[in-house]
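Please open the structure in your viewer and keep the selection tool at hand. We will walk through it stop by stop.

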Amino acid sequence: MRSTSTLFTQPLRLLRGYSIPNLQADLVAGASVGVVLLPQALAFSLLAGLPPTMGLYAAVVAGIIGALWGSSSHLHTGPTNTASILAFSVLLPIAAPGSPEFVAAAGLIAVMAGVFRLIMGLARLGLLVNFVSDSVAVGFTAGAGILIMSNQIEPLLRMNLAGNGGLLATLRSTVIQIRELHAPSMLLGLGTIALLVMLPKLQRKLPAVLLSVVIGGLVSWGLGLEHWGVEVLGELPRSLPPLAHLPLLDLHLIGQLANGALALAMIGLVEAVAIARAVASHSRQRLDSNQEFVGQGLANIAAGFFSGYPVSGSFNRSALSYQSGAKSGMANAFSGLFVLLAIFVLTPFIAHLPRAVLAGTLVVTAYSMIDRRAMLRIWRGAKGDTAIMLVTLAATLVLPLQFAVLTGVLMSLGYYLLKTSMPQVLDVVPDESFQHWAHQPQRPSCPQLAVVDLLGDLYFGAANHVEESLYTILARQPHQRFLMLRMHSVQHCDISGIRALENVLQVCRDRGGGMFLVRVRDPVLRVMQRTGFVKLLGEQGFLDEDEAISRIFHRVLDPAVCIYECELRVFRECQDLPKREFPGGVASLADYGPLPKIPEINVHDLWQHLRSETPPLVVDVREPREYRQGHIPEAKLVPLLNILRDSENLPRYRQIVLVCQSGRRSIRAAAHLHANGYYDLTILHGGMLSWEAAALLEAVEVPG
């Protein structure tokens, strides 16, 4: 509750310690924004099919409330192009534009949209705006700046262009009607632009926007340009925002407006926070999205109750607030007070303010928001960010503004999902110093053990990609029976990821091998424990990375492959391994042709046979070092190399049980013996690994 209450006490934090220097800067910035807010409030209310006074009332109330309860020092809340168009499209099927029912519904939908936004702020859903990436903000900023400039062509040249036809339609109409431009209006507007460009170069602390507007107005008045056809704002109504009579109990109307209010709330929030982030990228201010949600919600509720209509964050006024040197949100509150004061006091002067002057001001402001340096950085960065920026910019120019923002957000989400659903799955080998693992496609990997880095999460979107990638790696070397996964980059794993690991484990076991995991993070390990994967893999499948290769090399891998077949020295442990050779080389299994199926015996049956009256001859084909560390009692040591050299004479008419570490060398020995007339052959299933797992008696050679 205490945390929630802080969202409503933002004005106290804003006013606490407010300084006189900030007051002076905010007054100047507020007046500058207020001068632009006045005509926009009138124009946007007409765009929404509402009386002009509703735009003024919304500008006053929302400007003050949004500034006091928002978190941004520059985001200006009030009537906007997007909110006006959205409100008009939602209300049009309900009542005729301008009718009392239309006006009442406009106030009601503002309250409803505000309640939705307020609830989202209190529910701490500000994290939703994290999906508005910097690429979206930069592209949206640039596109909106271009749109703002194109929208000022009509008042700047005093031309009657075709409706709201978009950028291309505006440019086409301008070219067609170029001969109809009004020279005095154009010169006045261009003069304002020149002033705005020159004044900051002379003195950066000068209120360039306010001075340019005042000078432009004085020039127009002094030269009598109004008589030459220069358009001015005209007379303004004089009244305080009255309390509206809203149909709050009309459930049927509320039901009709619910979907539209939710759309206004969602799109308005995304748009407002995108604007706040875009401006904050220049001001370096840290934003509280939840506080901004609350501010936007309260501003809409207040605007609806005090004869206004839906409001949102304004791009050009927010940029103007920043450019005018605003130090805090009080500047935007002062802009609302300025509009209120202007309604009563400044009407004579504002009524004669040329529209071309305001248009010139907005052109410069819009141009300054096209951050070319940021766009260049994104262009030089990741291709995905570049695509998001360009698509958002293009969508801003050709689509309604709200859909442009949503397009960028959806592209960001899509790009994120694409990246996370296709994490890198890289087979790695030690570097030359054996200190680090690295993906080195030019270097061969161990023929028995594949070591793979999983660089991403194992969630439902990525599980299939990871599984298929591991199959591809294993398919490159069909004789690789063991797989070691390095999982230090896996932060999250769900049941789909567990299922993928189970499938890969089964493939390894079908090959006669297994799977090992190293550097499994605690959250992932807990999921594995709860889903039974730890039990399926076995505790021995989780290894310490520093000891993993040594343990696998000495306890799991088949030394016969290392000694007789493999010419590589991939791991540090391989370096001191003897490579046995003899004239003519060692034949591979394929050299023996089709082999009959050699029967296998499990460890318990062999134990019983050894205790019978006619026990079989157990031949251990491992190396002497392995034999001395532990072997089956009464087993005869005959290293595989000796069998392959035919240097050992074994009885041909006695059952022979061949034993090695895991079974691979026994198969090699059986193939050679069968080719040389030995037929009563049996292989111990699982080799000494199975014997040890069954905890059966072993004989150990004690050094003399």
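## Stop one: a parallel sheet

Start by selecting S13 and S14, which pair in the parallel sense over three bridges. Bear in mind as you look around that this is a predicted model. To see one of the pairings residue by residue, click on isoleucine 656: its bridge partner in S14 is leucine 681.

Now add strand S11 (residues 617-620), which is joined to strand S13 (residues 656-659) by four bridges, again in the parallel sense. Here valine 618 has valine 657 of S13 as its bridge partner, and valine 619 stands opposite leucine 658 in S13.

Widen the selection to the whole sheet. It is open, with five strands in the order S10-S14-S13-S11-S12 and parallel pairing. At its edges you will find strand S10 (600-601) and strand S12 (636-637), each of which pairs on one side only. Next, show helix H30 (residues 664-675), which packs on this sheet and touches S13 and strand S14 (681-684). The direction of H30 makes about 175° with that of S14.

Before you leave, which residues of S13 are buried on its two faces? Select Ile656 and Leu658 for one side, then Val657 and Val659 for the other; all of them are buried, and both faces of the strand are covered.

## Stop two: a mixed sheet

Move to the open sheet with the strand order S3-S6-S7-S8-S9, where five strands show mixed pairing. Strand S3 (424-427) and strand S9 (542-543) are at the edges with a single partner strand each, so one side of each has no neighbour in the sheet.

Walk across the sheet from S3. Between S3 and S6 the pairing is antiparallel, over four bridges, and aspartate 427 has valine 452 in S6 as its bridge partner. The step from S6 to S7 is parallel, with five bridges; look there for valine 451, whose bridge partner in S7 is methionine 484. At the far end, strand S8 (residues 514-518) and S9 run parallel and are joined by two bridges. Leucine 517 is the residue to click on here, as it stands opposite phenylalanine 542 in S9.

Now bring in helix H22 (residues 495-510), which packs on the sheet and touches strand S7 (482-486) and S8. Its direction makes about 135° with that of S8.

Is strand S6 (residues 449-455) largely enclosed or left open by the rest of the structure? Six of its seven residues are buried, so S6 is largely enclosed.

## Stop three: two nonpolar cores

Select Leu50, Leu91, Ile109, Leu257 and Tyr309, the residues with the most contacts inside the largest nonpolar core, which has 35 residues. Helices H4 (52-69), H5 (81-91), H6 (100-122), H12 (251-283) and H13 (289-305) each supply at least two residues of this core. Which helix gives the largest share? That is H6, with eight residues.

Zoom in on isoleucine 109. Setting aside residues up to four places away in sequence, its contacts are Val90, Leu91, Leu257, Gly260, Ala261, Leu264 and Pro310. A second, separate core of 29 residues can be shown next; Val452, Leu458, Leu501 and Val534 are among its members.

## Stop four: a loop serine

Go to serine 307, in the loop between H13 and strand S2 (312-314). This serine is buried, with a relative accessible area of 14%. Apart from neighbours within four places in sequence, serine 307 is in contact with Met54, Tyr57, Pro242, Leu243 and Ala244. For a distance check, pick serine 212 as well: the two C-alpha atoms are separated by 33 Å, and the residues are 95 apart along the chain.

## Stop five: rings and cysteines

A search of the whole structure finds five aromatic pairs. Display tyrosine 459 and phenylalanine 460, with ring centres 5.1 Å apart and planes at 85°, so this pair is edge-to-face. Colour them by accessibility: tyrosine 459 is buried at a relative accessible area of 13%, whereas phenylalanine 460 is exposed at 61%.

How many disulfides does a search of the whole structure find? The count is zero. Two cysteines to select as a last view are cysteine 574, buried with a relative accessible area of 8%, and cysteine 660, also buried, with 1%.

Key:
Residues are numbered from 1 along each chain as its sequence is written. This is a predicted model: local features need pLDDT of at least 70, side-chain atom pairs count only at pLDDT 80 or more; totals for chains, interfaces and linings use all residues. Side-chain values use heavy atoms; hydrogens and water are left out. Two strands pair if DSSP finds at least two bridges between them. Contact means heavy atoms within 4.5 Å. Axes are lines fitted to C-alpha atoms, for helices over the stretch in contact, and angles run from 0 to 180 degrees between N-to-C directions. A nonpolar core is a set of buried Ala, Val, Leu, Ile, Met, Phe, Trp, Tyr and Cys residues joined through side-chain atoms within 4.5 Å. Buried means under 20% relative accessible area, exposed over 50%, partly exposed in between (1.4 Å probe, protein chains only). Rings of Phe, Tyr and Trp (its six-membered ring) pair if their centres lie within 6.5 Å; planes under 30 degrees apart count as stacked, over 60 as edge-to-face and the rest as tilted. A disulfide is a pair of cysteine sulfur atoms within 2.5 Å.
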